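Thank you for coming, and please take a moment to look at the sequence and the model before I begin. I will go slowly and explain each term as it comes up.

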Amino acid sequence: MTQKHKIQLFEDKKVRTVWDDQEEKWYFSIVDVCGVLTESDNPQVYWRVLKNRLKKEGNETVTNCNALKMLAPDGKMRFTDVADMEQLFRLIQSIPSKKAEPFKEWMAEVAAKRIDQMQDPELNFEQAYEDYRRLGYSDKWINQRLRSIEVRKELTDEWDRAGVKDGQQYASLTDIITRGWSGKTTRQYKQYKGLKKESLRDNMTNIELALNTLAEASATEISKAKNPRGFKQSAEVARKGGEIAGDARKKLERQIGHSVVTKDKALDYLPPADRWGALPEEEDE
């Protein structure tokens, strides 16, 4: 399934969620939900005890719960128990809490908002803007980042039209473009910045993001003009798009006297309490 990770906020508490594009449903971290409802200092232990009790009672909801990798507070992707909305509604009945009803209403709002976003793509940008603001990014950076998302979508639409397959071929073309302007593959770029599962684009500086957007926009326009077919022809277009931005980078660096491809990353400038909210994206690979 295609997963979109997202930190949701209930009051001032963070709840890790994953949107499954195939099933069109949210999955919620059960430990996070236990933390919200019980205000326990150790929600992991609370869930472990509750889970064992429900299993002994033959509770099918617990048996059917899945485990997905989610971003842990230490910055690593770790498996954690998750539940969809239907399962979570049943589990909440086993957790005595005055917040149970408000939390159920919140979950319904989360689901309704996602449906609205699917019908009106503009709402996705509004939500993304709010999310980046919450994480501490500047308005200037956010506007540029949202523009880069739009440009990326135009490029992948061109790849679809050319018959390029999503997945590994997308990743290969992305590597060609990234290497063309920065001199590094996506993986090398992440390693250079000290990133693991975090999004590369979410950790680019303003100038890095601008050059990456120029490279992808150039590849898109060349693709429209040349009308490539298949991966091989699209790879040549990607190379040319990356080179255009690469030439711009080299000219700028000659003027300023230093490289604009930097180890700096957004996480270095965000408040420590917000770093958990910086989530990995599928589009980097």
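**Helix packing and a few single residues**

Let me start with Asn227, which counts as partly exposed because its relative accessibility is 33%, where partly exposed lies between buried, under 20% relative accessible area, and exposed, over 50%, with a 1.4 Å probe and protein chains only. Asn227 sits in the loop between helix H10 (206-226) and H11, and its phi is near 55°, a positive value in a residue other than glycine.

Before going on, I should say that this is a predicted model, in which local features need pLDDT of at least 70 and side-chain atom pairs count only at pLDDT 80 or more, while totals for chains, interfaces and linings use all residues. Residues are numbered from 1 along each chain as its sequence is written, and side-chain values use heavy atoms, with hydrogens and water left out.

As an overview, the protein has eleven helices and five strands, where helices (H or I, at least four residues) and strands (E, at least two) are DSSP runs numbered from the N terminus. Buried residues make up 48% of the 285 residues. Among contacts between residues at least 6 apart in sequence, 59% join residues at least 24 apart, and contact here means heavy atoms within 4.5 Å.

Now to the helices. Two packed helices are described by the angle between their axes and the distance between the axes. The axes are lines fitted to C-alpha atoms, for helices over the stretch in contact, and the angles run from 0 to 180 degrees between N-to-C directions.

How do H8 and H11 pack? Helix H8 (residues 168-182) and H11 have their axes 6 Å apart, at an angle of about 25°, and therefore H8 and H11 are roughly parallel to each other. For the cut-offs, angles under 35 degrees count as roughly parallel, over 145 as roughly antiparallel, 65 to 115 as roughly perpendicular, and the rest as oblique. The crossing of H8 and H11 is right-handed, meaning that the near helix is turned clockwise from the far one by less than a right angle, whereas an anticlockwise turn would be left-handed. On the H8 side the residues in contact include Leu173, Ile176 and Trp181, and they meet a set in H11 that includes Phe231, Ser234 and Ala238. The residues of this contact between H8 and H11 divide into eight nonpolar, seven polar and three charged; Ala, Val, Leu, Ile, Met, Phe, Trp, Tyr, Cys and Pro count as nonpolar, Asp, Glu, Lys and Arg as charged, and the others, Gly among them, as polar.

One residue from that contact deserves a longer look. Ser234 is found in helix H11, which covers residues 230-256, and because its relative accessibility is 2%, Ser234 counts as buried. A polar atom of the Ser234 side chain lies 2.9 Å from the backbone oxygen of Gly230. If we leave aside neighbours within four places in sequence, Ser234 is in contact with Ala162, Val164, Leu173 and Pro228.

H8 also packs with a second partner, helix H9 (residues 186-193), and here the axes come within 8 Å and cross at roughly 55°, which makes H8 oblique to H9. Thr174, Asp175, Thr178, Trp181 and Ser182 in H8 meet Thr186, Arg187 and Tyr189 in H9, and these residues divide into two nonpolar, four polar and two charged.

Why are H1 and H2 described as roughly perpendicular? Helix H1 (residues 30-38) and helix H2 (residues 43-56) pack at an angle of about 105°, with their axes 8 Å apart, and so H1 and H2 count as roughly perpendicular. Ile30, Val31, Cys34, Gly35 and Thr38 in H1 meet Pro43, Gln44, Tyr46 and Trp47 in H2, and this contact holds six nonpolar, three polar and no charged residues. In the loop between H1 and H2 we find Glu39, which has a positive phi of about 55° although it is not a glycine.

Finally, a word on two strands. Tyr27 is in strand E3 (residues 25-29) and is buried, with a relative accessible area of 6%, while its C-alpha lies 9.6 Å from that of His5, 22 residues apart in sequence. Leu71, in strand E4 (residues 66-71), is also buried, at 6% relative accessible area, and the C-alpha atoms of Leu71 and His5, 66 residues apart along the chain, are separated by 8.6 Å.

How values were computed: Polar contact = N/O pair within 3.5 Å; in protein donor to acceptor, adjacent residues only side chain to side chain.
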